[in-house]
Structures are given as C-alpha cells and as structure tokens.
Amino acid sequence: MLANLSGWVTRREGRKFLKLHDKIDDSVFAGAKDTGTISLYIHIPFCRTLCPFCCFNRYLFREDKARQYFKQLKGELDLYIKKGFTFSDFYFGGGTPTILMDELEGFIGYLKANFSVKRISLETTPREVNRENIARLKAAGINRLSIGVQSFDDDIVKAMGRPFGPSEEMKQQVLMAQGEFDTVNVDFVFNFPGQTIDQFKADVQTFKELKIDQATFYPLMASPHKKSALERRFNRVDITEEKRFYDVILNELYADDCKASTVWCFSRGERMIDEYIVDFDDYIGIGAGSVSIVGGNFYVNTFSLDRYGELLSRDTLPIVGWRKLTERENQRYYLLTKLFGMELDTGKFAQRFGAGIETKLRAELFFLKLFGLAGGKDKIRVTRKGMYPVSVMMREFFTSLNNLRELYIEEQT
Ligand SMILES: C[S@@+](CC[C@H](N)C(=O)[O-])C[C@H]1O[C@@H](n2cnc3c(N)ncnc32)[C@H](O)[C@@H]1O
Ligand code: SF4
C-alpha cells in the first residue's frame, strides 16, 4: 500500500522527464562546471547478442561501427573539455564496454592524459571475463568490475535469452575476477517472468557462498513495449510478486555481514558502488543514449548511432532533449536519489538548496517519518521497512527513463 502510493507519486514525477525541449540552451553549461564534482558516464552501446529484456540503448556489434564510435566518443569528450569541465570519477556502462579491449584501453589512456583519474568502474558480461581481460583491465586501472550474471540458474539464463553459461562456468569467471579489483560486483535480476522464489533464493545463497564483494539486485523493469514483448515470449510480468522477491534479499542479506550501499546493492565492507547518481549530485553522460543531470538540468543524447556521428562531425554536442527542472523537481530528485543510497545528509541538502529539508520538503519528510520509512535528524536514514517502498520509487523512476529511451529508440532520434 505504502509502496504503491510512493510508486505512484514517483511515476507522476517521472513522467515530467518525458517532456523535453529538443534544443538545449547553451547557458546550461555556463555555471554548471562550478557546481561541484561531476562524474562522467561513458556509454558503449554494442553487444555480441541482444537480450530481449534489456532496456538500454544497444546495437549488435560491428567492429567498424564500434571503432568509429570510440573515435566519436573522444570528440564528444573534447567538447566538454573545451567548455572547461573536468572529471575524476568515471563509469563505463553498456552495452558491453569490453567489446573492443584495445579501443577501451586507448580511451582510458585518453582520460588519463586529460584528467587526474581517481576511480573507474566498468560493466561487462561473464563471457568477457577471462585471465587476459582481467590483466588488461587491471593494468588500465579499473577499480570496480561489474559482471552481469542476472542469475546462476541455467533455466532462467536461457529464458532471458542470454547465451552465457552454464552457471558453473559463470561462477568460475566471477571467482577469477574476485580479489583482482577493489570491488567486484555481480548483477542479478529478480521477478523475471517464470522465475520462482526458490530459484532466486538460490541465487542470493550463491552470492553469499562465493563471497563476492558486492551484488546488485535489479527488479525487472519493463517499459510498456518491453512488457508486451516479454509477455508474448514468456509469462505475465507480475508486479504484485515483486515484494516477495525483495523480502528474500532483506531476509538473507540485511542482517548478514553485508551492508546496503543502496536499496538494490549489498556490499561486504566499504565498497565502491555503481550508482554515480547516488555518489554525485551531478553527472554527465557521453555516448549514444546517455542522459545527464547538471546544475538542475536534465538532458538526453541522441540514441541513433548515425545521428550521433553526424552531430559530432559538426562539433556539436549530440543532445536531443533537455529540460530545466523546477526547484521542487530538483529537490525531489535529490531526495529520491539519496534515499536510494540509504541516507540523506540534511546539512548538504540545506547547502545545496538554501534552506533545510524540513521547510523545503515538509510533506515528503512528514510522510516518510510518519510511516517509519526513514528516520533521523542530521542524517535521514532509510529504515528496513522503508527499503521496499524506496525500491518501488526507484523502479518507477527508472521505468520512466526506460519509456523515454524506448520513445527515442523507436524514433531513432
Ligand atoms: C546494461 S547492463 C550491462 C551489463 C552487461 N551488458 C551484461 O548484460 O552482462 C547492466 C545491468 O542492467 C540490468 N538490466 C538490464 N535490463 C534490465 C531490465 N529490463 N530490468 C532490470 N534490470 C535490467 C542487468 O542486471 C544488467 O546486468
Ligand atoms: S543485458 Fe547486457 S548483454 Fe544483454 S543486451 Fe543489455 S547490455 Fe547487452
């Protein structure tokens, strides 16, 4: 009930992210670089096979296109450098960032030549994890490696349309990486059509047994188009089952030696997390289909590879949608992302928005405290009871973004 209500509010807020102007006002960048530390997200949209459930902007790998793309990425980065932006924390997402290792190494070299690189996080698939790649990623300075396992259950992996596995091999691949980086993360998906609670319990158990540094559990997020495609291919996507899956995570991990780094991410000890949206108030995304939040502005890059190349050949940022968030949208977005990261520092909120959260977001705070979803004074922390409602809020927010992606992908904007 509480989760449904908070989900509904977030869905309504998230819809606003769909109403974008198609031309960005260049004044956005004028003061933006002074807003504090901004992280850089780099999207590599190529995969060797395309998983039917995946909502990200991805294309079937073609070497010539991918090589050209890495060149264009440098061009996009140069445009930000010219505007005076500087970065120290980087996140490579995909797609499959390791799809062309020599290009990836070249790009990281370019980052090191231009910035003082502090931390790099990178996503990959189990298939790409081998001794040679691990050595090369270590040498390139990757701090956090995130491996998309999704499930160690062979039937589920097959149902997901992923040509990885068998699961015993995936376990060996994860263990090969474990201990080689500051943080090794494994991604799982829950509430996939046909997945049983027992199958998911076994996945959480395997994560514990393998003693991997970190796991991120994503609730299946299906935009309307993906939802009907999934339902044609598999069973019904049943959102009412989601809480039962989430309870497995809480029961197995909350009281264990794991710490909730976000409501979806559980770590052993202090670890890096993949959520640049939690660690950083602002982030810029480069690459086809990336989104950015800078100084209260939300904007989207083109999803089309052709358009991406064409705009960059004219030294133009490949931005195709922009929205200046209102002060209130900005504050609510801030609240959502910090709750997602389990804690909001009230001093930092006041510093950023010029007044305390108790005056700026009085009703939201009242609701959270009244129902025991969060508590505390200087630091507002999400309680165990609050974790699922926050998970629903984040799922709704990401689903709105997925709707946006779908819209742009369909139109190839
Ligand atoms: C974009 S993928 C990149 C990782 C890598 N390509 C892989 O699949 O192994 C990052 C993570 O997003 C999650 N993901 C992708 N599509 C999703 C969806 N529709 N719902 C929930 N999570 C999803 C998966 O857990 C995946 O590991
Ligand atoms: S889940 Fe990963 S491998 Fe599958 S299509 Fe999406 S990005 Fe590519």
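Q: What makes the pairing of an oxygen atom of ligand 1 with the side chain of Q150 a polar contact?
A: In this predicted model, that oxygen atom is 2.7 Å from an N or O atom in the side chain of Q150. A polar contact needs a pair of N or O atoms within 3.5 Å, so this pair counts.

Q: Which other residues have a polar atom close enough to an oxygen atom of ligand 1 to count?
A: D187 has a side-chain N or O atom 2.8 Å from an oxygen atom of ligand 1. For G148 a polar backbone atom is involved, at 3.2 Å. Looking wider, 18 residues surround the ligand, and Q150 and D187 are among the closest.

Q: Why are α2 and α3 called roughly parallel?
A: Helix α2 (residues 63–82) and helix α3 (residues 101–114) pack at about 15 degrees, with axes 10 Å apart. Angles under 35 degrees count as roughly parallel, so the label fits this pair. Their crossing is right-handed.

Q: What makes up the contact between α2 and α3?
A: On the α2 side you'll find F70, L73 and L77, among others, while α3 brings residues including L104, F107 and Y110. Sorted by type, the contact has eight nonpolar, two polar and five charged residues.

Q: How do you know that α3 is roughly parallel to α4?
A: Same kind of check: the axes of α3 and helix α4 (residues 131–140) cross at roughly 10 degrees and come within 10 Å. With the cut-off at under 35 degrees, α3 is therefore roughly parallel to α4. Residues making this contact include I108 of α3 and L137 of α4. The split here is six nonpolar, one polar and four charged.

Key
Residues are numbered from 1 along each chain as its sequence is written. Chains are lettered from A and ligands numbered from 1 in the order in which they are written. This is a predicted model: local features need pLDDT of at least 70, side-chain atom pairs count only at pLDDT 80 or more; totals for chains, interfaces and linings use all residues. Side-chain values use heavy atoms; hydrogens and water are left out. Axes are lines fitted to C-alpha atoms, for helices over the stretch in contact, and angles run from 0 to 180 degrees between N-to-C directions. Helices (H or I, at least four residues) and strands (E, at least two) are DSSP runs, numbered from the N terminus. Angles under 35 degrees count as roughly parallel, over 145 as roughly antiparallel, 65 to 115 as roughly perpendicular and the rest as oblique. A crossing is left-handed if the near helix is turned anticlockwise from the far one by less than a right angle, and right-handed if clockwise. Contact means heavy atoms within 4.5 Å. Ala, Val, Leu, Ile, Met, Phe, Trp, Tyr, Cys and Pro count as nonpolar, Asp, Glu, Lys and Arg as charged, and the others, Gly among them, as polar. A residue is near a molecule or strand if one of its heavy atoms lies within 4 Å of it. A polar contact is a pair of N or O atoms within 3.5 Å; within protein, one must be able to donate a hydrogen and the other to accept it, and residues adjacent in sequence count only if both atoms are side-chain atoms.
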